Amino acid sequence: MIIVSKYEDSMKAMRNRSELRAIALLSGGLDSTLAAAIVVNLGVRVVGLHIATLFDTDRKRLEHITTAASTVGIPLVTTDLSTEHLEIVKYPKHGYGAEMNPCIDCRIFMLKAAGEMMKREKAQFVITGEVLGQRPMSQHRHALEVTAKESGLGNRLLRPLSADWLPDSLPVAEGWIQRHDLGCMQGRSRKEQVALADQLGIHDYPQPAGGCLLCEKTYSARLRDTFCYTGKNKMTKPDFSLLKYGRHFRLSESAKTIVGRNERENAILAGLNRGYVQIEPIDTPGPLTLVMGNPTVNEIHLSACLAARYCDHTDQTSVAMKLIQQGEASVILVSPFDDDDPRISHWRIE
Ligand code: SF4
(Lines give C-alpha, C1' and ligand atoms only; values in the text may rest on other atoms or scores of the structure.)
Protein backbone atom coordinates (compact mmCIF):
# COMPACT_ATOMS: atom_id res chain seq x y z
CA MET A 1 0.00 0.00 0.00
CA ILE A 2 2.78 2.35 0.95
CA ILE A 3 4.61 1.44 -2.23
CA VAL A 4 1.51 2.11 -4.36
CA SER A 5 0.88 5.41 -2.61
CA LYS A 6 4.48 6.47 -3.17
CA TYR A 7 4.19 5.46 -6.80
CA GLU A 8 1.00 7.51 -7.22
CA ASP A 9 2.64 10.49 -5.55
CA SER A 10 5.61 10.14 -7.77
CA MET A 11 3.41 9.87 -10.89
CA LYS A 12 1.47 12.93 -9.75
CA ALA A 13 4.73 14.81 -9.33
CA MET A 14 5.92 13.65 -12.71
CA ARG A 15 2.63 14.66 -14.32
CA ASN A 16 2.86 18.08 -12.70
CA ARG A 17 6.47 18.57 -13.66
CA SER A 18 5.70 18.95 -17.33
CA GLU A 19 3.41 21.84 -16.37
CA LEU A 20 6.02 23.44 -14.16
CA ARG A 21 7.92 26.49 -15.28
CA ALA A 22 10.99 28.03 -13.71
CA ILE A 23 13.22 31.05 -14.34
CA ALA A 24 16.97 30.36 -14.18
CA LEU A 25 19.34 33.25 -13.50
CA LEU A 26 22.26 32.63 -15.84
CA SER A 27 25.69 34.20 -15.46
CA GLY A 28 27.39 32.21 -18.22
CA GLY A 29 29.50 30.39 -15.62
CA LEU A 30 29.39 26.69 -14.86
CA ASP A 31 27.35 26.83 -11.65
CA SER A 32 24.30 28.57 -13.05
CA THR A 33 24.44 26.39 -16.17
CA LEU A 34 24.50 23.24 -14.05
CA ALA A 35 21.67 24.47 -11.83
CA ALA A 36 19.47 25.05 -14.87
CA ALA A 37 20.51 21.71 -16.42
CA ILE A 38 19.56 19.75 -13.29
CA VAL A 39 16.06 21.20 -13.28
CA VAL A 40 15.61 20.85 -17.05
CA ASN A 41 16.60 17.18 -16.74
CA LEU A 42 13.82 16.74 -14.20
CA GLY A 43 11.31 17.71 -16.86
CA VAL A 44 10.63 21.31 -15.82
CA ARG A 45 10.29 23.97 -18.52
CA VAL A 46 12.98 26.53 -17.77
CA VAL A 47 13.59 30.00 -19.20
CA GLY A 48 17.05 31.56 -18.74
CA LEU A 49 17.41 35.16 -17.58
CA HIS A 50 20.53 37.28 -17.86
CA ILE A 51 20.65 40.71 -16.21
CA ALA A 52 23.27 43.07 -17.61
CA THR A 53 24.96 45.64 -15.35
CA LEU A 54 27.75 48.14 -15.97
CA PHE A 55 30.35 46.22 -14.02
CA ASP A 56 30.95 43.06 -15.99
CA THR A 57 34.63 42.51 -16.81
CA ASP A 58 33.94 39.70 -19.26
CA ARG A 59 33.46 41.17 -22.72
CA LYS A 60 32.31 37.77 -23.95
CA ARG A 61 29.69 37.39 -21.22
CA LEU A 62 26.70 37.39 -23.54
CA GLU A 63 28.39 34.84 -25.77
CA HIS A 64 29.01 32.56 -22.77
CA ILE A 65 25.42 32.92 -21.59
CA THR A 66 24.01 32.23 -25.04
CA THR A 67 26.20 29.11 -25.22
CA ALA A 68 25.07 28.05 -21.73
CA ALA A 69 21.38 28.45 -22.64
CA SER A 70 21.77 26.53 -25.86
CA THR A 71 23.79 23.75 -24.15
CA VAL A 72 21.00 23.30 -21.62
CA GLY A 73 18.37 23.74 -24.34
CA ILE A 74 16.41 26.63 -22.88
CA PRO A 75 15.26 30.00 -24.25
CA LEU A 76 17.15 33.04 -22.99
CA VAL A 77 15.87 36.49 -22.05
CA THR A 78 18.42 39.25 -21.50
CA THR A 79 17.57 42.49 -19.78
CA ASP A 80 19.68 45.58 -19.21
CA LEU A 81 19.11 46.91 -15.69
CA SER A 82 22.40 48.79 -15.51
CA THR A 83 20.79 52.14 -14.64
CA GLU A 84 18.60 50.74 -11.85
CA HIS A 85 21.53 48.69 -10.51
CA LEU A 86 23.53 51.89 -9.86
CA GLU A 87 21.24 52.81 -6.97
CA ILE A 88 22.22 49.52 -5.29
CA VAL A 89 25.89 50.34 -5.80
CA LYS A 90 25.45 53.82 -4.33
CA TYR A 91 23.28 52.92 -1.35
CA PRO A 92 23.59 49.25 -0.37
CA LYS A 93 21.53 48.46 2.69
CA HIS A 94 23.81 45.54 3.55
CA GLY A 95 27.06 47.39 2.85
CA TYR A 96 30.07 46.47 0.76
CA GLY A 97 32.37 43.45 0.71
CA ALA A 98 36.17 43.57 0.68
CA GLU A 99 36.00 46.22 -2.08
CA MET A 100 33.01 48.23 -3.34
CA ASN A 101 30.98 45.10 -4.09
CA PRO A 102 27.49 45.29 -2.56
CA CYS A 103 26.94 41.58 -3.18
CA ILE A 104 23.99 40.95 -0.87
CA ASP A 105 21.97 43.90 -2.18
CA CYS A 106 23.03 43.03 -5.71
CA ARG A 107 21.76 39.46 -5.32
CA ILE A 108 18.47 40.73 -3.86
CA PHE A 109 18.15 43.12 -6.82
CA MET A 110 18.70 40.32 -9.36
CA LEU A 111 16.41 37.90 -7.56
CA LYS A 112 13.66 40.52 -7.46
CA ALA A 113 14.00 40.95 -11.22
CA ALA A 114 13.82 37.17 -11.63
CA GLY A 115 10.76 37.12 -9.35
CA GLU A 116 9.01 39.69 -11.51
CA MET A 117 9.73 37.61 -14.57
CA MET A 118 8.47 34.52 -12.73
CA LYS A 119 5.11 36.25 -12.23
CA ARG A 120 4.97 37.52 -15.81
CA GLU A 121 5.76 34.08 -17.21
CA LYS A 122 3.42 32.36 -14.75
CA ALA A 123 6.35 30.28 -13.56
CA GLN A 124 6.41 28.67 -10.12
CA PHE A 125 9.98 29.18 -8.97
CA VAL A 126 13.41 30.69 -9.63
CA ILE A 127 16.70 28.80 -9.94
CA THR A 128 20.20 30.08 -9.18
CA GLY A 129 23.62 28.45 -9.30
CA GLU A 130 24.53 29.59 -5.79
CA VAL A 131 26.62 27.16 -3.76
CA LEU A 132 26.62 27.31 0.03
CA GLY A 133 29.96 28.66 1.27
CA GLN A 134 31.41 29.39 -2.16
CA ARG A 135 31.58 33.19 -1.93
CA PRO A 136 32.46 34.94 1.30
CA MET A 137 29.90 37.73 1.22
CA SER A 138 26.83 36.47 -0.56
CA GLN A 139 26.81 32.68 -0.26
CA HIS A 140 27.16 31.90 3.42
CA ARG A 141 24.05 30.47 5.05
CA HIS A 142 22.76 33.70 6.57
CA ALA A 143 23.27 35.62 3.31
CA LEU A 144 21.36 32.96 1.39
CA GLU A 145 18.48 33.28 3.86
CA VAL A 146 18.52 37.09 3.68
CA THR A 147 18.57 37.22 -0.12
CA ALA A 148 15.73 34.71 -0.42
CA LYS A 149 13.64 36.62 2.12
CA GLU A 150 14.32 40.20 1.02
CA SER A 151 13.89 39.42 -2.67
CA GLY A 152 10.35 38.31 -1.83
CA LEU A 153 10.99 34.88 -3.36
CA GLY A 154 11.22 33.01 -0.06
CA ASN A 155 10.84 29.32 -0.70
CA ARG A 156 10.17 29.92 -4.38
CA LEU A 157 13.94 30.17 -4.73
CA LEU A 158 15.60 26.85 -5.54
CA ARG A 159 19.38 26.47 -5.37
CA PRO A 160 19.72 23.03 -6.94
CA LEU A 161 23.48 22.63 -6.39
CA SER A 162 23.26 23.01 -2.61
CA ALA A 163 19.62 22.08 -2.01
CA ASP A 164 20.47 19.22 0.33
CA TRP A 165 22.09 21.66 2.78
CA LEU A 166 19.22 24.14 2.71
CA PRO A 167 15.62 24.16 3.96
CA ASP A 168 13.09 22.71 1.53
CA SER A 169 12.10 25.06 -1.24
CA LEU A 170 8.53 25.04 -2.54
CA PRO A 171 9.19 22.56 -5.40
CA VAL A 172 10.55 20.04 -2.87
CA ALA A 173 7.93 20.75 -0.20
CA GLU A 174 5.16 20.26 -2.77
CA GLY A 175 6.74 17.05 -4.04
CA TRP A 176 7.23 18.45 -7.54
CA ILE A 177 10.94 17.68 -7.24
CA GLN A 178 12.56 15.13 -4.96
CA ARG A 179 15.33 16.29 -2.65
CA HIS A 180 17.52 13.35 -3.68
CA ASP A 181 17.46 14.58 -7.30
CA LEU A 182 19.22 17.76 -6.21
CA GLY A 183 22.81 18.49 -5.24
CA CYS A 184 24.63 18.64 -1.93
CA MET A 185 27.60 20.80 -2.91
CA GLN A 186 29.21 23.28 -0.57
CA GLY A 187 32.47 25.20 -0.26
CA ARG A 188 34.92 26.67 -2.71
CA SER A 189 36.19 23.54 -4.44
CA ARG A 190 34.84 23.09 -7.95
CA LYS A 191 35.62 19.40 -8.28
CA GLU A 192 32.00 18.31 -7.86
CA GLN A 193 30.78 20.85 -10.40
CA VAL A 194 33.33 19.69 -12.95
CA ALA A 195 32.39 16.04 -12.34
CA LEU A 196 28.68 16.84 -12.71
CA ALA A 197 29.35 18.81 -15.89
CA ASP A 198 31.08 15.74 -17.35
CA GLN A 199 28.17 13.57 -16.28
CA LEU A 200 25.65 15.92 -17.91
CA GLY A 201 27.72 16.29 -21.08
CA ILE A 202 28.42 19.98 -20.49
CA HIS A 203 31.91 20.63 -21.84
CA ASP A 204 31.85 24.18 -23.19
CA TYR A 205 32.02 26.55 -20.23
CA PRO A 206 34.41 29.38 -19.26
CA GLN A 207 36.88 29.06 -16.40
CA PRO A 208 35.87 31.06 -13.32
CA ALA A 209 37.29 34.57 -13.47
CA GLY A 210 36.98 37.82 -11.49
CA GLY A 211 33.90 38.86 -13.36
CA CYS A 212 32.87 42.03 -11.53
CA LEU A 213 34.60 45.41 -11.50
CA LEU A 214 33.16 46.16 -8.07
CA CYS A 215 35.38 43.42 -6.62
CA GLU A 216 38.51 44.95 -8.17
CA LYS A 217 40.87 47.07 -6.12
CA THR A 218 41.60 49.77 -8.71
CA TYR A 219 38.02 50.29 -9.86
CA SER A 220 36.89 50.40 -6.23
CA ALA A 221 39.55 53.01 -5.35
CA ARG A 222 38.30 55.20 -8.22
CA LEU A 223 34.71 54.72 -7.14
CA ARG A 224 35.47 55.71 -3.53
CA ASP A 225 37.32 58.78 -4.82
CA THR A 226 34.37 59.82 -6.99
CA PHE A 227 31.83 59.20 -4.24
CA CYS A 228 33.95 61.48 -2.06
CA TYR A 229 34.72 64.35 -4.46
CA THR A 230 31.77 64.29 -6.89
CA GLY A 231 29.16 62.92 -4.49
CA LYS A 232 26.97 59.85 -4.98
CA ASN A 233 23.89 61.97 -5.64
CA LYS A 234 25.47 63.69 -8.60
CA MET A 235 26.88 60.57 -10.22
CA THR A 236 25.22 59.35 -13.38
CA LYS A 237 25.87 56.36 -15.62
CA PRO A 238 28.69 57.98 -17.67
CA ASP A 239 30.53 58.82 -14.43
CA PHE A 240 30.61 55.12 -13.54
CA SER A 241 31.69 54.23 -17.08
CA LEU A 242 34.54 56.75 -17.03
CA LEU A 243 36.06 54.92 -14.06
CA LYS A 244 36.75 51.91 -16.28
CA TYR A 245 39.15 53.60 -18.67
CA GLY A 246 42.55 55.27 -18.55
CA ARG A 247 44.93 56.17 -15.73
CA HIS A 248 43.26 58.28 -13.04
CA PHE A 249 44.95 61.04 -11.04
CA ARG A 250 43.50 63.14 -8.22
CA LEU A 251 45.30 66.49 -8.41
CA SER A 252 43.19 68.28 -5.83
CA GLU A 253 39.70 68.26 -4.33
CA SER A 254 38.46 70.03 -7.43
CA ALA A 255 40.57 68.51 -10.21
CA LYS A 256 40.92 64.99 -11.55
CA THR A 257 42.83 63.95 -14.68
CA ILE A 258 42.25 60.84 -16.79
CA VAL A 259 44.94 59.82 -19.29
CA GLY A 260 44.04 57.23 -21.96
CA ARG A 261 46.22 54.12 -22.23
CA ASN A 262 45.68 53.18 -25.86
CA GLU A 263 43.75 54.16 -28.98
CA ARG A 264 40.63 52.31 -27.92
CA GLU A 265 40.53 54.08 -24.58
CA ASN A 266 41.28 57.45 -26.21
CA ALA A 267 38.23 57.02 -28.42
CA ILE A 268 36.04 55.95 -25.49
CA LEU A 269 37.21 58.85 -23.32
CA ALA A 270 36.49 61.30 -26.16
CA GLY A 271 32.98 59.82 -26.39
CA LEU A 272 32.44 60.22 -22.64
CA ASN A 273 33.65 63.83 -22.55
CA ARG A 274 30.79 65.94 -21.24
CA GLY A 275 32.36 69.35 -21.36
CA TYR A 276 35.62 68.46 -19.61
CA VAL A 277 38.93 70.04 -20.61
CA GLN A 278 40.43 67.83 -23.32
CA ILE A 279 44.17 67.61 -24.07
CA GLU A 280 45.83 65.85 -27.02
CA PRO A 281 49.40 65.90 -28.39
CA ILE A 282 49.83 67.56 -31.76
CA ASP A 283 53.02 66.22 -33.38
CA THR A 284 53.53 62.97 -31.57
CA PRO A 285 51.40 59.90 -30.83
CA GLY A 286 50.01 59.98 -27.32
CA PRO A 287 47.00 59.79 -25.07
CA LEU A 288 43.78 61.72 -25.00
CA THR A 289 43.45 63.34 -21.59
CA LEU A 290 40.43 64.72 -19.76
CA VAL A 291 40.59 67.14 -16.84
CA MET A 292 37.43 67.07 -14.76
CA GLY A 293 35.95 69.09 -11.92
CA ASN A 294 36.84 72.73 -11.59
CA PRO A 295 40.57 72.79 -12.40
CA THR A 296 42.74 75.89 -12.05
CA VAL A 297 44.94 77.13 -14.92
CA ASN A 298 47.93 75.57 -13.15
CA GLU A 299 46.16 72.21 -12.77
CA ILE A 300 45.34 72.17 -16.49
CA HIS A 301 49.00 72.91 -17.24
CA LEU A 302 50.15 70.15 -14.87
CA SER A 303 47.70 67.73 -16.53
CA ALA A 304 49.23 68.55 -19.92
CA CYS A 305 52.74 67.88 -18.50
CA LEU A 306 51.45 64.60 -17.09
CA ALA A 307 49.86 63.65 -20.43
CA ALA A 308 53.12 64.52 -22.23
CA ARG A 309 54.94 62.01 -20.05
CA TYR A 310 52.88 59.26 -21.73
CA CYS A 311 53.48 60.55 -25.31
CA ASP A 312 55.81 58.71 -27.67
CA HIS A 313 58.43 61.44 -27.71
CA THR A 314 62.16 60.81 -27.58
CA ASP A 315 63.89 63.15 -25.18
CA GLN A 316 61.79 66.12 -26.21
CA THR A 317 62.07 68.90 -23.68
CA SER A 318 58.78 70.35 -24.81
CA VAL A 319 55.72 68.80 -26.38
CA ALA A 320 52.98 70.71 -28.20
CA MET A 321 49.54 69.91 -26.82
CA LYS A 322 46.13 70.94 -28.13
CA LEU A 323 43.79 72.09 -25.41
CA ILE A 324 40.03 72.23 -25.87
CA GLN A 325 38.23 74.11 -23.15
CA GLN A 326 34.61 75.25 -23.33
CA GLY A 327 34.68 74.68 -27.08
CA GLU A 328 37.77 76.89 -27.58
CA ALA A 329 40.96 75.27 -28.92
CA SER A 330 44.46 76.51 -28.09
CA VAL A 331 48.01 75.15 -28.24
CA ILE A 332 50.47 75.02 -25.35
CA LEU A 333 54.05 73.81 -25.12
CA VAL A 334 54.76 71.75 -22.02
CA SER A 335 57.68 69.85 -20.47
CA PRO A 336 56.83 66.19 -19.85
CA PHE A 337 57.06 64.95 -16.27
CA ASP A 338 60.10 62.76 -15.59
CA ASP A 339 59.23 59.08 -15.22
CA ASP A 340 60.17 59.16 -11.54
CA ASP A 341 58.39 62.39 -10.70
CA PRO A 342 56.85 61.64 -7.25
CA ARG A 343 53.66 63.53 -8.11
CA ILE A 344 52.68 60.73 -10.49
CA SER A 345 52.39 58.09 -7.78
CA HIS A 346 51.08 60.63 -5.25
CA TRP A 347 48.16 61.63 -7.48
CA ARG A 348 47.42 58.21 -8.92
CA ILE A 349 44.13 56.69 -7.75
CA GLU A 350 44.54 52.94 -7.38
S1 SF4 B 1 30.28 40.15 -7.52
FE2 SF4 B 1 29.39 42.00 -8.47
S3 SF4 B 1 27.72 41.21 -9.78
FE4 SF4 B 1 28.26 39.57 -8.33
S5 SF4 B 1 26.86 39.85 -6.62
FE6 SF4 B 1 28.74 40.96 -6.12
S7 SF4 B 1 28.36 43.06 -6.79
FE8 SF4 B 1 26.84 41.75 -7.80
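1. Start with the second largest pocket of this predicted model. Its lining is made up of 17 residues, and the ones that lie nearest its centre are Asp56, Thr57, Leu213, Lys244 and Tyr245. Its volume comes out at about 470 Å³.

2. As for who builds that lining, helix H9 (217–229) and helix H11 (263–271) are the elements that give two or more residues to the second largest pocket. H9 has the largest share, with three residues.

3. Look at the chemistry too: nine residues lining the second largest pocket are charged, five are nonpolar and three are polar.

4. Where does the second largest pocket lie? Domain 1 (2–200) and domain 2 (245–347) both contribute lining residues, so the pocket sits between them.

5. Now the packing. The largest nonpolar core counts 34 residues, and Val44, Val46, Phe125, Ile127, Leu161, Ile177 and Leu182 have the most contacts inside it. At least two residues apiece come from strand S1 (21–25), helix H2 (30–41), helix H3 (61–72), strand S4 (125–127), helix H7 (170–173) and helix H8 (191–200). H2 supplies the largest share of this core, seven residues.

6. Leu182 is worth clicking on. Leaving aside residues up to four places away in sequence, Leu182 touches Ile38, Leu42, Leu158, Pro160, Ala163, Val172 and Ile177. Ile177 and Leu182 are both among the residues with the most contacts inside the largest core.

7. There is also a second, separate core, this one of 23 residues, with Val259, Ala308, Val319 and Met321 among them.

Note on methods:
Residues are numbered from 1 along each chain as its sequence is written. This is a predicted model: local features need pLDDT of at least 70, side-chain atom pairs count only at pLDDT 80 or more; totals for chains, interfaces and linings use all residues. Side-chain values use heavy atoms; hydrogens and water are left out. On a 1 Å grid over the protein atoms alone, a cavity is a set of points where a 1.4 Å probe fits but cannot get out, and a pocket is an open set with protein on both sides within 12 Å along at least five of seven lines; lining residues have an atom within 4 Å of a point. Grid points are joined across faces, edges and corners, and a volume is the space filled by probe spheres set on the points. Helices (H or I, at least four residues) and strands (E, at least two) are DSSP runs, numbered from the N terminus. Ala, Val, Leu, Ile, Met, Phe, Trp, Tyr, Cys and Pro count as nonpolar, Asp, Glu, Lys and Arg as charged, and the others, Gly among them, as polar. Domain bounds come from an automatic or database domain assignment. A nonpolar core is a set of buried Ala, Val, Leu, Ile, Met, Phe, Trp, Tyr and Cys residues joined through side-chain atoms within 4.5 Å. Buried means under 20% relative accessible area, exposed over 50%, partly exposed in between (1.4 Å probe, protein chains only). Contact means heavy atoms within 4.5 Å.
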